4 protein chains.
Amino acid sequence: MATPVYSGATRTPQRGRPRDASRDDALRQAALEVMAEVGYRALTMDAVAARARAGKATIYRRWESKLDLVIDTCTQLAQQNLAEPDTGSLAGDLREFLSAFAAFLSGPVGKAAQALVGELPHEPELASAFRGTFLTAQRDVLRRILDRAEERGELRQDAPRGMAVEIAGAALIYRLMLTGDPLDLPFVDRVVEQVLMPLVAKGQ
Amino acid sequence: MATPVYSGATRTPQRGRPRDASRDDALRQAALEVMAEVGYRALTMDAVAARARAGKATIYRRWESKLDLVIDTCTQLAQQNLAEPDTGSLAGDLREFLSAFAAFLSGPVGKAAQALVGELPHEPELASAFRGTFLTAQRDVLRRILDRAEERGELRQDAPRGMAVEIAGAALIYRLMLTGDPLDLPFVDRVVEQVLMPLVAKGQ
Amino acid sequence: MATPVYSGATRTPQRGRPRDASRDDALRQAALEVMAEVGYRALTMDAVAARARAGKATIYRRWESKLDLVIDTCTQLAQQNLAEPDTGSLAGDLREFLSAFAAFLSGPVGKAAQALVGELPHEPELASAFRGTFLTAQRDVLRRILDRAEERGELRQDAPRGMAVEIAGAALIYRLMLTGDPLDLPFVDRVVEQVLMPLVAKGQ
Amino acid sequence: MATPVYSGATRTPQRGRPRDASRDDALRQAALEVMAEVGYRALTMDAVAARARAGKATIYRRWESKLDLVIDTCTQLAQQNLAEPDTGSLAGDLREFLSAFAAFLSGPVGKAAQALVGELPHEPELASAFRGTFLTAQRDVLRRILDRAEERGELRQDAPRGMAVEIAGAALIYRLMLTGDPLDLPFVDRVVEQVLMPLVAKGQ
DNA sequence: ACATAACCGAGACGGTACGTCGCGTCTTCTA
DNA sequence: TAGAAGACGCGACGTACCGTCTCGGTTATGT
């Protein structure tokens, strides 16, 4: 699930016409466009196929379902957009990363992610895929930011790092998906100054 | 939307056979059961009607759509389950309320709520209904808990109360909907002690 | 198979909305039109549904397949068009009936019947339905024509009536379906005078 | 259409690897087997290719379509199986030829031919190919049988030879394709004695 | 001898129709 | 008039087959 499986590694000598890898991108692009226009619920495989000038079978050859296509489209985008900052200070890194993440979530991917979240409870495979990519990618960056802060001596000794990582993600996701309030810079600043820094930084 | 509309106010003197109010509960109960079993996406109106031994028209007479039925079912449950605690201390109130809320979310309503969240971006009416009930109900309780703490002099002067309310909800929802980690008592305790109390309470 | 089965005889008290019998006719009419335009092979259920402004499910509720729909459409037409002649003489009756039958087969129903014939070997139910209606209807008329001729003393004593009936049908069908030569009045006359009359009539 | 087109006449000097002529037979054999098993309608090119362990392109290099493949398969068989008898008497020749033809039609080719007949009205090329081979081959044999009978003085002067040929074919085809009654020897005998001989032979 | 060109098996591709399912509405009978 | 039952128009689903194409690999010929 989640990524087109024909990577080639486990495929014997290559018989028959090989899959056209460029169709992957065209289909992902089409999926993203359609989703941005009409949303996840109203996204139909026919629409994606038509926009990419592809047959539906070509989609189903690569992804098992609408969900699978969408999650793959999103995680691929996530991996390209979650750059790791290094400003030299904990507060700077947090601000940098969280504001970039907030901007990313405010785009079409945010809507898609939200739609996916609704499917997690009844789709275990999707859930583990989603958590293994979207979620851990973001948490790992935050963990490394805290690691570097520790090396610089910025952290308290007993800093609850896991909780900090969790709260950082939670604050953004909650706004995005539940309250609908804007994920803007002032909000990120307040989260960093009022919540995260007091939680882990020295002498606050 | 959201609540059965036949409350009587706008309906002319009442001619013909009156609606059987007990069908409301039967249908909500059926909806909850079906949703707990197969999830929101796979819930069909036919299934709900069949389980309640009702006709589909009977459902559509009361709710406008599948979404409307589900949101109403959930908010009604929420209103019954969000009791307001009064233990005499801020930490006690928070612990009490958040653990009760966590327990509530861990049940079938949690799954349903999660499913609804996926629909919010493309269903503005649903979104405002959801926020106007599920969300504000919980936030109001938290606000009143903080109010009482202030009266008792437990709060710092500049305590960011809005942020505290937001973080409290976010921490729970994030676990419930994103990470899937358990919403247990130790977690609630850690949120209260490590995050919320330092954020708003005096002399921490 | 072959005819909409909801005739009512075996259906308990009638629960729910009854089938709209006028849809039957509309769908049969649409099927006939589409078949006349594009032929049996190119006839699609979507096209029939669209022309009758019906949903495909409405078709499948009444007929099991494209074949079933078409055979029903044709046999109904056959029953309406195979009038029994009574001119007072064997030759007259044969001429009358066979020319009417030839005219009927020369229309759209002929093409449809031909298409159906191609399916008979692998569709036993269809075969028995086809033979039980289309075929026997026509054979029965011929048999009765011979019966009346016998009463009038026109038949030879040892007339091979079964063979006469069979050859009459065969001559027409062979032209229609195999050679494609015209099923016109001169041909019918020659069949009657050269083949059928010598076969069964006295003193020829 | 109808026969593999690479006969060589119109093809430039022959460059590259020449076609493997043995694939023709393998593919025709596979087509015949599949058709005998599932019928014409359910015959798919993929199935034929798979059974012959051939690629689909190999089929389409030789025949233009499914129909083309099937008609070629059948006419080739027809040409091999319609031997011309010479018993010395009209009745003997007719009996001999028609019983051989009946036996041939009772095999898988009969089913295939029937399937093809269903396609004739909407496939003019197929129709003329079918009539130009299957049909005329059989009619020519019958005509020559009548010619020899005339030379022996067995025919009436005004014998309607065309009608005799037509009725002979019609009687068999009608049973085969319409009524489904057996094409056995007694039936052939009765057709010869009761219908054909009286129609054309002297002194009957 | 060896490049050339057409062959071959395999299977991906764009497309069309399939038969099913769910939606929300409408229409019957029964209470 | 409400309610149960279920037919209705609509539209998306995921599958199957069409006929074409593109691979890697094979096999005769023509330079």
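Q: Which residue has a polar backbone atom 3.2 Å from a phosphate oxygen of DNA strand F?
A: B:Gly55 does. This is a predicted model: local features need pLDDT of at least 70, side-chain atom pairs count only at pLDDT 80 or more, and totals for chains, interfaces and linings use all residues. Residues are numbered from 1 along each chain as its sequence is written, chains are lettered from A and ligands numbered from 1 in the order in which they are written, and side-chain values use heavy atoms, without hydrogens and water.

Q: Which other side-chain atoms approach DNA strand F, base or phosphate?
A: Arginines supply two cases. A polar side-chain atom of A:Arg17 sits 2.8 Å from a base oxygen of strand F. For B:Arg61, a polar side-chain atom is 3.4 Å from a phosphate oxygen of that strand.

Q: How many residues surround DNA strand F?
A: Residues count if a heavy atom lies within 4 Å of the strand. Strand F has 44 of them, with A:Tyr60, B:Arg17, B:Asp20, C:Arg62 and D:Tyr60 the closest. Of the strand F atoms within 4 Å of the protein, 71% belong to sugar or phosphate and the rest to bases.

Q: Which residues are the closest to DNA strand E?
A: Strand E is surrounded by 45 residues, and the closest are A:Thr58, A:Arg62, B:Tyr60, C:Tyr60 and D:Arg62. Sugar and phosphate make up 72% of the strand E atoms that come within 4 Å of the protein. Three residues show how phosphate oxygens of strand E are approached. D:Thr58 places a polar side-chain atom 2.7 Å from one. A:Asp20 has a backbone N or O atom at 3.1 Å. B:Asp46 has a polar side-chain atom at 3.4 Å.

Q: How are chain A and chain B related, by what turn and shift?
A: Two copies of a chain are related by a rotation about an axis and a shift along it. Here the fit is by least squares on C-alpha atoms of residues with pLDDT of at least 70 in both copies. Chain B falls on chain A with an RMSD of 0.4 Å after a turn of 179° and a shift of 0.0 Å along the axis. The two copies are therefore related as by a two-fold rotation axis. In chain B, the C-alpha of B:Gly118 is nearest the axis, at 2.0 Å.

Q: What area do chain B and chain A bury between them?
A: Buried area is the accessible area (1.4 Å probe) lost on assembly, summed over both parts. Chains B and A bury about 3,500 Å², 62% of it on carbon and sulfur atoms. B:Arg41, B:Tyr174 and B:Leu178 supply 20% of the area that chain B buries against chain A, more than any other three residues. Contact (heavy atoms within 4.5 Å) involves 40 residues of chain B and 39 of chain A. Because 95% of chain B's interface residues are also interface residues in chain A, the copies meet through the same surface.

Q: How many salt bridges cross the interface of chain B and chain A?
A: The rule needs a Lys or Arg side-chain nitrogen within 4 Å of an Asp or Glu carboxyl oxygen. It finds two. A:Arg175 and B:Glu166 form a salt bridge, 2.6 Å from N to O.

Q: Which C-alpha distances separate chain C from chain A and from chain B?
A: Chains A and C have no contact, and their closest C-alpha atoms lie 17 Å apart. Chains B and C do not touch either, with nearest C-alpha atoms 10 Å apart.

Notes:
A polar contact is a pair of N or O atoms within 3.5 Å; within protein, one must be able to donate a hydrogen and the other to accept it, and residues adjacent in sequence count only if both atoms are side-chain atoms. Buried area is the accessible area (1.4 Å probe) that two parts lose on being put together, summed over both.
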